[in-house]
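Trainee: Please take me through one part of this model in detail. I would like to see how a single strand sits among its neighbours.

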Amino acid sequence: MLQTTIAGSLPKPSWLAEPEKLWAAWRPTGDALLEAKRDATILSIKEQEIAGIDIVGDGEQARQHFVHGFLERIAGVDFEKRVTMGIRNNRYEAMVPTVTAPLTRMGPVHSFEAGIARASTTKKLKFTLPGPMTIIDTIADGYYGDRVKMAMAFADLLNQEAKELEALGVDVIQFDEPAFNVYMDQVRDWGIEALERAAAGLKCTTAVHICYGYGIKANIDWKQSLGSEWRQYEDTFPVIAKSKIDQVSLECANSRVPIDLIALLDGKDVLVGAIDVASETVETPEQVAAVIRTAMQFVKPEKLYPCTNCGMAPLPRAVAQGKLVSLAKGAAIVRAELAR
Ligand code: ZN
C-alpha cells in the first residue's frame with residue numbers, strides 16, 4: 001500500500017554530463033562514456049534504494065533526453081537534419097531531428113541500461129519510454145506527411161522495444177505523454193489508440209505519465225497562463241479510464257490541478273505527484289503526507305502510488321536526493337496512520 005516510485009529521470013553525476021541542464025552534453029566519450037553510463041545507472045538505483053523508494057527506475061542516466069534518447073537508435077531519423085521547431089503547441093522551441101525515411105529500430109535501444117538496472121536491484125523495476133504523441137511533437141516530419149501515420153509507426157517501434165524490456169524483467173513500462181496535456185482533442189481522436197498500440201500484448205504493468213513538464217522557464221511561464229484551475233486532466237482522464245493502460249502518473253504537488261479530477265481515473269492505479277520538480281526547496285515528509293492524504297479522499301490507498309510530479313533531471317543532485325527521501329518518509333507517515 002502507498003508504494004513509492006519516481007516519474008522517470010534523475011540528475012546525472014557531473015562526471016557523466018553537464019549538471020542542471022536538459023539536453024546536457026555528455027562529458028566522457030567513446031568506451032569511457034558507456035562505462036560512465038553503466039556506473040551512473042547502478043548509482044541511481046542505489047540512491048533510490050537508500051532513500052527508501054519502493055519501485056525504482058534507471059533514472060534515465062544513459063539517455064540525453066527522454067525523447068531523443070529513443071530516437072537516436074531509430075533508422076529513418078536524421079540527426080544531421082536538425083531544425084528548430086516550436087513544440088508543445090509552440091510553448092518553446094527545440095532543435096529536433098527530421099524523419100526522412102521509413103522508421104525502423106536499428107536494434108535494442110535501452111536493453112543495455114535496463115539490463116544493468118535489473119541486475120542492480122531486487123526491487124520492482126520501472127522503465128520509461130516516450131509516448132507516440134509526444135515523440136511526433138518533438139520531431140520534424142520530412143517523410144510521412146501525416147503526423148498520425150507517423151505516430152502509429154513510432155507506436156509499433158515502441159511496442160517492439162517494450163516487449164524486449166519486459167523480457168529483461170522490467171515490471172512496469174511507462175510511456176511519457178506530456179503532449180496529452182496540450183492536444184486534448186487529439187488524445188481522444190488517436191492518442192489513446194497510439195498509446196494502446198505501443199503497449200499492445202504487454203503482460204507487465206503499463207503506465208502513462210502526463211504532466212505539466214520539467215521545471216524549466218518555458219513551462220513555468222506556461223503554467224502561469226493556465227488560469228486558477230488547471231482542468232486539462234478533465235478531458236483526458238475519462239478517455240484513459242476506458243483504456244487498457246494500468247496506471248496514470250500525474251502532477252499534483254504545488255499545482256493548480258483540482259485534486260478531485262483524479263476520481264475520473266476510477267479503476268486505475270494513480271501515481272500521484274507529491275514532489276514538486278519545479279522548486280529546489282525540498283518538501284518535508286509532512287508536506288508529502290498531506291498530498292497523499294488529500295489524494296486518498298478520491299483513490300483507495302492500495303491504488304495510490306506516491307510519486308514525483310515529473311522527472312528531476314534538471315535539479316541539483318542533492319536536492320533531488322532530498323526529495324526522494326521525503327517522498328519515502330511521507331508515504332511511511334501515512335502508512336503508519338493507516339496501520340493504526
Ligand atoms: Zn513529466
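**A strand inside the sheet**

Mentor: In this predicted model, strand β7 (residues 205–210) is largely enclosed by the rest of the structure, because five of its six residues are buried.

Take the β6 side to begin with. Strand β6 (residues 172–176) runs parallel to β7 and is joined to it by five bridges. Val 172 stands opposite Thr 205 in β7. Between the two strands the chain passes through helix α6 (residues 184–199), and this β-α-β crossover is right-handed. Another pair facing across these strands is Asp 176 and His 209, the latter in β7.

Strand β8 (residues 247–250) also pairs with β7: the two run parallel, joined by four bridges. Here Ile 210 has Leu 250 of β8 as its bridge partner.

The wider setting is an open sheet of seven strands with parallel pairing, in the order β1-β4-β6-β7-β8-β9-β10. Its edge strands are β1 (55–57) and β10 (304–308), each of which pairs on one side only. From one strand to the next, the twist averages 30 degrees. Helix α5 packs on this sheet, where it touches β4 (124–130) and β6, and its direction makes about 165 degrees with that of β4.

Then there is the nonpolar core. The largest one holds 95 residues, of which Val 270, Val 272, Ala 274 and Ile 292 touch the most other members. Helix α5 (residues 147–167) gives the most to this core, with nine residues. Leaving aside neighbours within four places in sequence, the contacts of Ile 292 include Val 272, Ala 274 and Leu 304.

Note on methods: Residues numbered from 1 in each chain as written. Predicted model: local features only at pLDDT ≥ 70, side-chain atom pairs only at ≥ 80, totals over all residues. Core = buried A, V, L, I, M, F, W, Y, C linked by C-beta atoms within 7 Å. Buried ≥ 20, exposed ≤ 12 C-beta atoms within 10 Å, placed from the backbone. Contact = placed C-beta atoms within 7 Å. Pairing = 2+ DSSP bridges. Right-handed = clockwise from strand over helix to strand, strands pointing away. Axes fitted to C-alpha atoms, helices over the stretch in contact; angles between N-to-C directions.
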